[in-house]
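Please look over the sequence and the model below before reading on. The paragraphs that follow take its parts in turn.

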Amino acid sequence: MTREDILSKYSDITLTDHPFILHKLTSLRDKTTSTREFRMLVEELGTLIGYEATRDLDTVEIEVETPLEKAMCPVLKGKKLCVVTIMRAGNGLAEGVLKLSPSARVGHVGLYRDPETKQPVEYYLKMPHSVSERTIIVVDPMLATGNSAIMAIDKMKEMGATDIRFICLFAAPEGIEAFKEAHPDTAMYIGAIDRGLDEKAYIRPGVGDAGDRIYGTQ
């Protein structure tokens, strides 16, 4: 399935096309990009794509006094945002989203991919209270098979969450299809839709292993 097919099929997928975002995504792809720069770019992209994912948050007007007069001005309604990172690669992306709302709560879902089955295995889960009352933004730089994101959102729904959004930087068509089949009610915000998966379930052309590149590991 092509990028155009996906976007025409799913109305709640936002593919960001801002020139700054496209430029930074290209820098991530470059194998000569240093660990430090890669980490900074992921965080910056978390902020930029986070703007799109939070565009429809509720606001309420309050009275403020400017140096000249009193005025009714909008502020965010309540503080019910929770950023959920799929560890470990999601941590850098989460830091970028948190720049938009430093007071947001943070949840952690620890998953690793079994090299044989390609299925996610949970090793850690820690969430703030009142998940059902919060807007949940799940973040992971890569959506390959989609299995990890699907499992993470399964966990959120089991806890009662209903307002869930998902942010990733690079996605494979196969992963998007699997994700939307499992969670058709979850909006997706994606930096780039790549060609597809190889025999090892890596996104092509992709960026390699995002976690390794963020933390300088192998």
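Which residue in strand 6 is the bridge partner of Val 109? The partner is Leu 125. Note before going further that this is a predicted model.

That pair belongs to a set of six bridges through which strand 5 and strand 6 (residues 120–126) are joined in the antiparallel sense. The two strands form a hairpin with six residues between them, and in this hairpin Lys 118 has a positive phi near 65°. Strand 5 also pairs with strand 4. Here the direction is parallel, and six bridges join strand 4 (residues 81–87) to strand 5 (residues 105–113). Val 83 can serve as a marker for this pairing, with Val 106 in strand 5 as its bridge partner. Strand 5 therefore has a parallel pairing with strand 4 and an antiparallel pairing with strand 6. As a rule for reading such strands, side chains in a regular strand alternate between the two faces of the sheet.

Following the chain out of strand 4 leads to an unusual peptide bond. The bond from Met 87 to Arg 88 is cis, with omega near 5°. Arg 88 sits in the loop between strand 4 and helix 4 (90–98). A second cis bond links Arg 204 to Pro 205, with omega near 0°. Pro 205 is placed in the loop that runs between strand 12 (203–204) and helix 7 (210–215). For comparison, most peptide bonds are trans, and most residues other than glycine have a negative phi.

The second part of that rule bears on two loop residues. Ser 130, in the loop between strand 6 and strand 7 (135–139), has a positive phi near 55° although it is not glycine. Ala 201, likewise not glycine, has a positive phi near 65°, and it lies in the loop between strand 11 (196–197) and strand 12. Are these two residues buried or partly exposed? Ser 130 has a relative accessibility of 28%, so it counts as partly exposed. Ala 201 has 8%, and therefore counts as buried, the cut-off for buried being under 20%.

The helices offer two further views of burial. Thr 47 is part of helix 3 (residues 35–53), and it counts as buried because its relative accessibility is 14%. What does Thr 47 touch, apart from its neighbours within four places in sequence? Its contacts are Gly 96, Val 97, Lys 99 and Leu 100. Two of these numbers, 96 and 97, can be looked up within the range given for helix 4 (90–98).

In helix 6 (residues 173–182), the buried residues are Pro 173, Gly 175, Ile 176, Phe 179 and Lys 180. Seen down the axis of helix 6, these buried residues fall within an arc of 155°, so they line one face of the helix.

The last stop is at the surface. Val 60, Ile 62, Val 64 and Val 75 make a nonpolar surface patch of about 240 Å². Which strand gives the most to this patch? Strand 2 (residues 59–65) does, with three residues. Val 60 is found in strand 2, and its relative accessibility of 37% is why it counts as partly exposed.

Technical notes:
Residues are numbered from 1 along each chain as its sequence is written. This is a predicted model: local features need pLDDT of at least 70, side-chain atom pairs count only at pLDDT 80 or more; totals for chains, interfaces and linings use all residues. Side-chain values use heavy atoms; hydrogens and water are left out. Buried means under 20% relative accessible area, exposed over 50%, partly exposed in between (1.4 Å probe, protein chains only). Helices (H or I, at least four residues) and strands (E, at least two) are DSSP runs, numbered from the N terminus. The arc is that of the directions from the helix axis to the C-beta atoms. Contact means heavy atoms within 4.5 Å. Patches are made of residues with over 30% relative accessible area and no salt bridge: like charges are joined within 9 Å, nonpolar side chains (Val, Leu, Ile, Met, Phe, Trp, Tyr) within 5 Å. Accessible areas come from the Shrake-Rupley method with a 1.4 Å probe; for residues, only the protein chains shown count as cover. A salt bridge is a side-chain nitrogen of Lys or Arg within 4 Å of a carboxyl oxygen of Asp or Glu. Two strands pair if DSSP finds at least two bridges between them.
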